[in-house]
Amino acid sequence: MKLFSAFHNPSTKKYTIYYTVVLTVVTGTVLFTTMQLIHTTYIQNTMTFFEGFFSLFMLSRNSTVGNALLAHLSAVKGVVKPLLLFS
């Protein structure tokens, strides 16, 4: 089990790299599916989205990545709010 301990400890560098790579692959798969370059079944699509959500959740457990994610979300909130007033 010592081999997989890096995947459970958010403070290690391997943890962040692993889940970033997983999220990148999932994002690429979703983009290729959207552009209809690859075809997947509904079950595969569901599992791909679940894997992406899980990877994003695991990345948010890392304090550096989690704080950066919150900062980016608050910046987007400041941009979207004025746009909704003009709708």
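In the predicted model, F32 is partly exposed, with a relative accessible area of 43%. This value lies between the cut-offs of under 20% for buried and over 50% for exposed residues. F32 belongs to helix 1. When neighbours within four places in sequence are left aside, F32 is in contact with L37 and I38. Just after helix 1, Q36 adopts a positive phi of about 60 degrees.

Helix 1 comprises 22 residues, numbered 13-34. At 1.5 Å a residue, a helix of 22 residues should span 32 Å, the expected span being 1.5 Å times one less than the number of residues. The end C-alpha atoms of helix 1 are 32 Å apart, which agrees with the expected span.

The buried residues of helix 1 are Y15, T16, Y19, V22 and V26. Viewed down the helix axis, these buried residues fall within an arc of 135 degrees, so they line one face of helix 1. The face turned away from this buried side carries exposed residues, namely K13, K14, T24 and V25. Helix 1 therefore has its buried residues along one face, while K13, K14, T24 and V25 are exposed on the face turned away from them.

T48 is located in helix 2, which covers residues 42-60. T48 has a relative accessible area of 17%. Because the cut-off for a buried residue is under 20%, T48 is classed as buried. Not counting residues up to four places away in sequence, T48 touches V26, T29 and V30. One of these partners, V26, is itself among the buried residues of helix 1. In terms of exposure, T48 is thus buried at 17%, whereas F32 is partly exposed at 43%.

For the protein chain as a whole, three helices and zero strands are assigned. From the N terminus on, the elements run α-α-α. The protein chain has 87 residues, of which 16% count as buried. Its accessible surface comes to about 7200 Å². Carbon and sulfur atoms contribute 74% of this accessible surface. Among contacts in the protein chain with a separation of 6 or more, 55% are accounted for by residues 24 or more positions apart.

Definitions and conventions: Residues numbered from 1 in each chain as written. Predicted model: local features only at pLDDT ≥ 70, side-chain atom pairs only at ≥ 80, totals over all residues. Heavy atoms only, no water. Helix = DSSP H or I, 4+ residues; strand = E, 2+ residues; numbered from the N terminus. Buried < 20%, exposed > 50% of the residue type's maximum accessible area, 1.4 Å probe, protein only. Arc of directions from axis to C-beta. Contact = heavy atoms within 4.5 Å. Areas by Shrake-Rupley, 256 points an atom, 1.4 Å probe, with all protein chains shown as cover.
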